[in-house]
Amino acid sequence: MEEVIKIEGKHALEGTVRISGSKNATVALIPAAILANGPVTICGVPEISDVQSLSVLLRDLGVLVDIRSSDTIVIDPTSMENRPLVQDAVNKLRASYYFMGALLGKYGHVEIKMPGGCYLGPRPIDLHLKGFEALGAEIRYDHGSYILDAPQLTGTKIFLDIASVGATINIMMAAVHAKGRTTIENAAKEPEIIDVATLLNKMGANIRGAGTNVITIDGVDQLAGCFHEIIPDRIEAATYIVLAAAAAKEVRIDNIIPHHLEALLSKLKEIGTDLEIGVDNVVIRASRDLKAADIKTLPYPGFATDIQQPLTALLTQAQGQSIVTETIYTERFKHCQELNKMGANINVMIPSSFINGPTPLSGAEVYATDLRCGACLVIAGLIADGVTTIHNIYHIERGYEHIDEKLTALGAKIWRETVE
């Protein structure tokens, strides 16, 4: 038995949708909270399955986790113990690797199973490990687990070969208690990194330069509890913006930071989308005669890799040939095969896809192979003739809070069914 999402297409969307807190910030902020010696209150937490997986890991470490309301979580590490993280929840969740940096920073010792997550091609954690070694950690790999030891972490200069978000955050967390100054060069600049640095600084850390390519961390002895509100999810916002561009009569998207979405918004204007940008919202109206465009994914502030899959669904409706070139995760084209089942005309020659449009889409049985592929298929289902059935919806639930409820409120015909 499996739960699927079904969508009847061709219902124009209208109304207002509010964007949740950032998934990619949340999955780093929750592990970062264990560096405190008192309770940390985080609000704006999205209701997604990744948060449940992280809560399981926290409780295994003896951390008190109190989910106060639908979007507020209190993490109290006062009676925490440093235990091995070797349970199944680690496998489900790639972001469990943030416990490496947090536990190494706090205790100088970590034992953790190899983390899991969506398969998007090689996503090596060797950059994280090189950073930990530079700070003075010894690393062993034994029976599927990493064991990291460092009696004393010492600040140093670390140059990242690739501007990796995960490595930047993980090294930052390990370095907050290191002796002296740590400098991360070629650091990633994503807004989620600024959010984690903001939390750590509220706790008493001394981090400067987050959001630029050089981050400086001066080690401190103690970190205290604090209150923090998560930034809005720029990828969820981008998904609803693209979805509205594909299927809206008029939709307003609230709780966004337009500055975080500049690469997408400028590309949508180029394609011919009718949009009006406010201080913390964007209004999108039905757009006709969309034009093909070329997109190349790049690290922030470039065009986000997480948005190319949802955007591909929209590009099937644009006049001419669009080309999407993927420079971050070269395997990220599994959605193209699913879209072709629905009538799209897409050729994949890695690292690019060639989308020929416009093509009418028809409802079909499709499979969400990863989180953003799932978002792409939801958009395709909204504009297709007939009913689309999406399998493997647990991928979608990892990153989108109440997606069916939010879409129903906009006038979509979307529901869940259990199938054999």
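## Salt bridges across the chain

A salt bridge here is a side-chain nitrogen of Lys or Arg within 4 Å of a carboxyl oxygen of Asp or Glu. With that in hand, searching the whole structure turns up 22 salt bridges. Keep in mind that you're looking at a predicted model. As a bit of background, side chains of opposite charge can pair when their charged atoms come close.

Let's start with Arg398 and Asp50, whose side chains form a salt bridge at 3.1 Å, N to O. This one links distant parts of the chain: Arg398 sits in the loop between α13 (394-397) and α14 (403-409), while Asp50 belongs to helix α2 (residues 49-60), and the two are 348 residues apart. Are Arg398 and Asp50 buried or exposed? Both are buried.

## Two more pairs and a network

Next up are Glu236 and Lys406, with a salt bridge between their side chains at 2.7 Å, N to O. Here too distant parts of the chain are linked, with Glu236 in helix α8, Lys406 in helix α14 and the two positions 170 residues apart. Glu236 is buried, and Lys406 is buried as well.

The side chains of Asp218 and Arg208 also meet in a salt bridge, this time at 3.4 Å, N to O. Asp218 is in strand β12 (residues 214-218) and Arg208 is in strand β11 (residues 206-208), so this pair ties together parts that lie ten residues apart in sequence. Asp218 has a relative accessibility of 16%, so it counts as buried, the cut-off being under 20%. Arg208, on the other hand, comes out at 38% and is partly exposed.

Salt bridges can also join up into a group: Glu3, Glu397, Asp404 and Arg416 are linked in a network of them.

## A buried lysine

Now take a look at Lys23, which you'll find in helix α1 (residues 23-32). Why does Lys23 count as buried? Its relative accessible area is 8%, and buried means under 20%.

What does Lys23 touch, leaving aside its neighbours within four places in sequence? Its contacts are Pro46, Ile48, Asp50, Asp233, Leu371, Arg372, Arg398 and Gly399. Two names on that list should ring a bell: Asp50 and Arg398 are the partners in the 3.1 Å salt bridge described earlier.

## The second largest pocket

Time to look at the gaps. Rolling a probe the size of a water molecule over the atoms shows where empty space is left. The second largest pocket has a volume of about 360 Å³. Three elements each give two or more residues to its lining: α8 (234-247), β14 (248-254) and α12 (371-383). Of these, α8 gives the most, with three residues.

In total, 17 residues line this pocket, and those nearest its centre are Ala246, Ala247, Ser287, Arg288 and Ile383. What sort of residues make up the lining of the second largest pocket? Ten are nonpolar, three are polar and four are charged.

## One closed cavity

How many cavities of 30 Å³ or more are there? The count comes to one. The largest cavity holds about 30 Å³ of space.

Its lining is made up of Ile19, Pro232, Asp233, Arg234, Ala237, Asn255, Ile256, Ile257, His260 and Leu261. By class, that's six nonpolar, two polar and two charged residues. Asp233 is worth a second glance: this cavity-lining residue is also one of the contacts of Lys23.

Conventions
Residues numbered from 1 in each chain as written. Predicted model: local features only at pLDDT ≥ 70, side-chain atom pairs only at ≥ 80, totals over all residues. Heavy atoms only, no water. 1 Å grid on protein atoms, 1.4 Å probe; cavity = no way out; pocket = protein on both sides within 12 Å on 5 of 7 lines; lining within 4 Å. Points joined across faces, edges and corners; volume = space filled by probe spheres on them. Helix = DSSP H or I, 4+ residues; strand = E, 2+ residues; numbered from the N terminus. Nonpolar A, V, L, I, M, F, W, Y, C, P; charged D, E, K, R; others polar. Buried < 20%, exposed > 50% of the residue type's maximum accessible area, 1.4 Å probe, protein only. Contact = heavy atoms within 4.5 Å.
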